[in-house]
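Welcome, and please open the model in your viewer. We will go from stop to stop, selecting a few residues each time and looking at what is there.

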Amino acid sequence: MMMSGSSGKLTGAILSVVVIFAVLVPEGSYPVLPNTMLDDNLVTVKNDIAEKISCKLHCYSSETDFGVHTLAYGQEFSWKFKINALRTTKYWCDMWFVTEEGANFKGGYTIYKANRDYDRCANDCHYSIRMDGVYQHALEDYTEGHDELIYPWP
């Protein structure tokens, strides 16, 4: 098939740009988005309360119930999922434990909320249950981050 006129010139120009880009830009030198909505998301909840204190954890969404899990100190519970196109995906966790002194702590929280956490922790969200509340590891520039208290115990 023969191209004529300006459409042939435009196609040739586009092809030239693609070839030049492929030759001049080395593989891996372009930025890659840290997370797309098509990627699996991972949520991990860890018991960092204290040695000898186990924590009960019940996490669920409107579609999935993971049941009740008992986490020993240092143990984690995690799950993978995809967020929906409207970024309304949510998971809740109820958690409770008793200290060695017999004090009861209990709380229920929206542990993952796509419109809040999608940019905050990319596709790998870590939560730490501690004596003073629940912490989230928040990323900064998708490289390093810090733990932030997001839910103090009631």
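Start by selecting Arg 87, which you will find in the loop between β4 (76-81) and β5. Keep in mind throughout the tour that this is a predicted model. Arg 87 has a positive phi of about 55 degrees, although it is not a glycine. That is worth a pause, because most residues other than glycine have a negative phi. With a relative accessible area of 24%, Arg 87 counts as partly exposed.

**A second loop**

Now move to the loop between β1 and β2 and pick Lys 52. Here, too, a residue that is not a glycine has a positive phi, this time of about 75 degrees. Is Lys 52 buried or exposed? Its relative accessible area is 77%, so Lys 52 is exposed.

Next, select Ile 53, which sits in the loop between β1 (41-47) and β2 (55-60). Ile 53 has 4% relative accessibility and therefore counts as buried. Which residues is Ile 53 in contact with, if its neighbours within four places in sequence are left aside? Highlight Asn 47, Leu 71, Tyr 73, Phe 97, Val 98, Thr 99, Glu 100 and Met 131 to see them. For one of these, Thr 99, try a distance label: its C-alpha atom is 6.4 Å from that of Ile 53, though the two residues are 46 apart along the chain.

**Step back to the whole chain**

Zoom out and switch to a cartoon view. The chain has two helices and nine strands. Following the sequence, you meet them in the pattern α-β-β-β-β-β-β-α-β-β-β. Of the 154 residues, 29% count as buried. Among contacts between residues at least 6 apart in sequence, 52% join residues at least 24 apart.

**The four-stranded sheet**

Colour β3, β2, β5 and β6: in that order, these four strands form an open sheet with antiparallel pairing. Which strands stand at the edges? They are β3 (65-71) and β6 (104-113), and each has a single partner strand, so one side of each is left without a neighbour in the sheet. From one strand to the next, the twist averages 15 degrees.

Look at how the strands are joined. β2 and β5 run antiparallel and are connected by five bridges. Select His 58 and you will find it opposite Asp 94 in β5. How many bridges join β5 to β6? There are nine, and these two strands also run antiparallel. For examples, select Trp 92, whose bridge partner in β6 is Thr 110, and then Lys 90, whose partner in β6 is Lys 113. The hairpin of β5 and β6 has five residues between the strands, and in this hairpin Gly 102 takes a positive phi near 95 degrees.

Stay with β5 and colour its two faces. Tyr 91, Cys 93, Met 95 and Phe 97 make up the covered face. Lys 90, Trp 92, Asp 94, Trp 96 and Val 98 make up the uncovered one.

**Rings and charges**

Show the aromatic side chains next. The whole structure holds 13 aromatic pairs. In one of them, Tyr 60 and Trp 92 have ring centres 5.9 Å apart and planes at 25 degrees, so this pair is stacked. Tyr 60 is in strand β2 and Trp 92 in strand β5 (residues 90-98), so to speak a link between distant parts of the chain, 32 residues apart. Tyr 60 is partly exposed at 23% relative accessibility, and Trp 92 is partly exposed at 28%.

Then select Phe 66, Phe 77, Trp 79, Phe 81, Tyr 91 and Tyr 112, which ring pairs link into a cluster. For a charge over a ring, find Lys 106, which lies over the face of Trp 96 at 6.0 Å from the ring centre.

**Last stop: Ser 128**

Finish in strand β7 (residues 124-130), where you can select Ser 128. Ser 128 counts as buried, at 7% relative accessibility. What does its side chain make a polar contact with? The partner is the side chain of Arg 130, at 2.9 Å. Arg 130 in turn lies over the face of Tyr 135, 4.1 Å from the ring centre. Tyr 135 is also among the contacts of Ser 128 beyond four places in sequence, along with Lys 46, Asp 48, Gly 133 and Val 134.

Note on methods
Residues are numbered from 1 along each chain as its sequence is written. This is a predicted model: local features need pLDDT of at least 70, side-chain atom pairs count only at pLDDT 80 or more; totals for chains, interfaces and linings use all residues. Side-chain values use heavy atoms; hydrogens and water are left out. Buried means under 20% relative accessible area, exposed over 50%, partly exposed in between (1.4 Å probe, protein chains only). Contact means heavy atoms within 4.5 Å. Rings of Phe, Tyr and Trp (its six-membered ring) pair if their centres lie within 6.5 Å; planes under 30 degrees apart count as stacked, over 60 as edge-to-face and the rest as tilted. A charge sits over a ring if NZ of Lys or CZ of Arg is within 6 Å of the ring centre and within 35 degrees of the ring normal. Two strands pair if DSSP finds at least two bridges between them. Axes are lines fitted to C-alpha atoms, for helices over the stretch in contact, and angles run from 0 to 180 degrees between N-to-C directions. A polar contact is a pair of N or O atoms within 3.5 Å; within protein, one must be able to donate a hydrogen and the other to accept it, and residues adjacent in sequence count only if both atoms are side-chain atoms.
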